[in-house]
Amino acid sequence: MNNIYKLESNNNNFYIMRDDLLPFSFGGNKARKAELFFKDILNKKCNCVITYGSKSSNHCRIISNYCARYNLDCQIISPISEEQEDINNSYLVKLFGASVTTCEIEDVKNTIQNVISRKRQEGYNTYFIEGGGHGNIGTQAYVNAFYNILEFENENNIKFDYIFHASGTGTTQAGLIVGKYINNSRTNIIGISIARNIERGRKVIYDSVKSYMEENKIENDIGIEDINFIDKYIVGGYGKYNEEICENIKEILKKYGIPLDTTYTGKAFWGMKEYIKENKIMNKNILFIHTGGTPLFFDNIKEM
Ligand SMILES: *Cc1c(COP(=O)(O)O)cnc(C)c1O
């Protein structure tokens, strides 16, 4: 599969990987991960899937869509937010027929345990997925994506000097780092944090990389300092954004016809541009991975 396109730009050769156009449930990196999770779920003949995420979670939308498709019971645990009203993703979760249990954020762990126990008692064969599709299966999805990138490089006789993307739970970045490592690639993978600080963000990615390497028995010397996780552009935390991000989103939409959102891809795209400016990166081959979130784009559009 080749979903990488060249965009006209100044200074650098700029490409975009349209994972937002993956074919299931409005695409995105959660669609890439979920495809592999559901292979495992169907293999194990589970009939109840439990996961968690906020109202804006692309992951919860896609998991509940797959559950609807395969007729599986879907349990979503969601922290209570200040925002009372539903947004596109949370509407869709309900439309797909998932049961949503809300709780205070500090009770999420317990609530998950309670829901799992209750469903088991009811006789379900349960399957739990970490928020955001975190875990070795999620990592595998972006190891696979790295192979798609390599294929593109080989077919087009180019090498990407940089790969940028929005980094959240870190699974996407972990997969790319593993892919880079096992293929001896020299590309710089730069995760633009959308919420976490570098200490936490980098540690989680490091743990994900090591966990994947251990499961697949791949010896490696990847160190925590090899992980480029940039927390300079989080502008106050998850879901927060500024005027510049909005302006950037409008510009990209007009110029390329590509939708970005304020929580993930718009923030990361803007962060990437700032990073390129600050580090005076010129005449390089740069790839931005569009990790999805189209329903969030439509939430944002009213404010734009
Ligand atoms: C979840 C998400 C991310 C972050 O991916 P992680 O693997 O959690 O780091 C980036 N972009 C979008 C649109 C997402 O939904």
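**Two open sheets and a buried ligand**

In β9, F229 is the bridge partner of G191. That pair belongs to the parallel match between strand β8 (residues 188–193) and β9, which runs over 3 bridges. Keep in mind that we're looking at a predicted model here. Beyond that one match there are two open sheets to walk through, one of 6 strands and one of 4, plus a ligand that the protein buries to 97%.

**The six-stranded sheet**

- Reading across this open sheet, the strand order is β1-β2-β10-β7-β8-β9, and the pairing is mixed.
- β1 (4–7) sits at one edge and β9 (228–230) at the other, so to speak: as edge strands, each of them pairs on one side only.
- On average, neighbouring strands in this sheet are turned by 25 degrees against each other, if you ignore direction.
- Helix α5 (residues 136–156) lies across a good part of the sheet's strands, namely β1, β2 (13–18), β7 (162–167), β8 and β10 (285–290).
- Against β2, helix α5 runs at about 140 degrees.

**The four-stranded sheet**

- This open sheet goes β5-β4-β3-β6, with parallel pairing.
- Its edge strands are β5 (99–103) and β6 (126–128), and each has pairing on one side only.
- Neighbouring strands are turned by 20 degrees against each other on average here, again with direction ignored.
- Strand β3 (residues 48–52) pairs with strand β4 (residues 73–79) over 5 bridges, in the parallel sense.
- For a landmark in that pairing, look for T51, which stands opposite I76 in β4.
- Helix α2 (residues 58–70) lies across both β3 and β4, and its direction is about 170 degrees to that of β3.

**Around the ligand**

- The ligand has 15 residues around it, and the ones that come nearest are K30, G168, T169, T172 and T291.
- K30 puts a polar side-chain atom 2.8 Å from an oxygen atom of the ligand.
- N58 does likewise, with a polar side-chain atom lying 2.7 Å from a ligand oxygen atom.
- At T291 the ligand takes part through a nitrogen atom, which is 2.6 Å from an N or O atom in that residue's side chain.
- On its own the ligand would expose 380 Å², and the protein buries 97% of that.

**Who makes up the shell**

- Three elements, α1 (29–43), β7 and α6 (171–182), each supply at least two residues of the shell around the ligand.
- α1 gives the most, with 3 residues.
- β7 turns up on both lists: it contributes to the ligand shell and is a strand of the six-stranded sheet, where helix α5 lies across it.
- By residue class, the shell divides into 11 polar, 2 nonpolar and 2 charged residues.

Definitions and conventions:
Residues numbered from 1 in each chain as written. Predicted model: local features only at pLDDT ≥ 70, side-chain atom pairs only at ≥ 80, totals over all residues. Heavy atoms only, no water. Pairing = 2+ DSSP bridges. Axes fitted to C-alpha atoms, helices over the stretch in contact; angles between N-to-C directions. Contact = heavy atoms within 4.5 Å. Near = heavy atom within 4 Å. Polar contact = N/O pair within 3.5 Å; in protein donor to acceptor, adjacent residues only side chain to side chain. Areas by Shrake-Rupley, 256 points an atom, 1.4 Å probe, with all protein chains shown as cover. Nonpolar A, V, L, I, M, F, W, Y, C, P; charged D, E, K, R; others polar.
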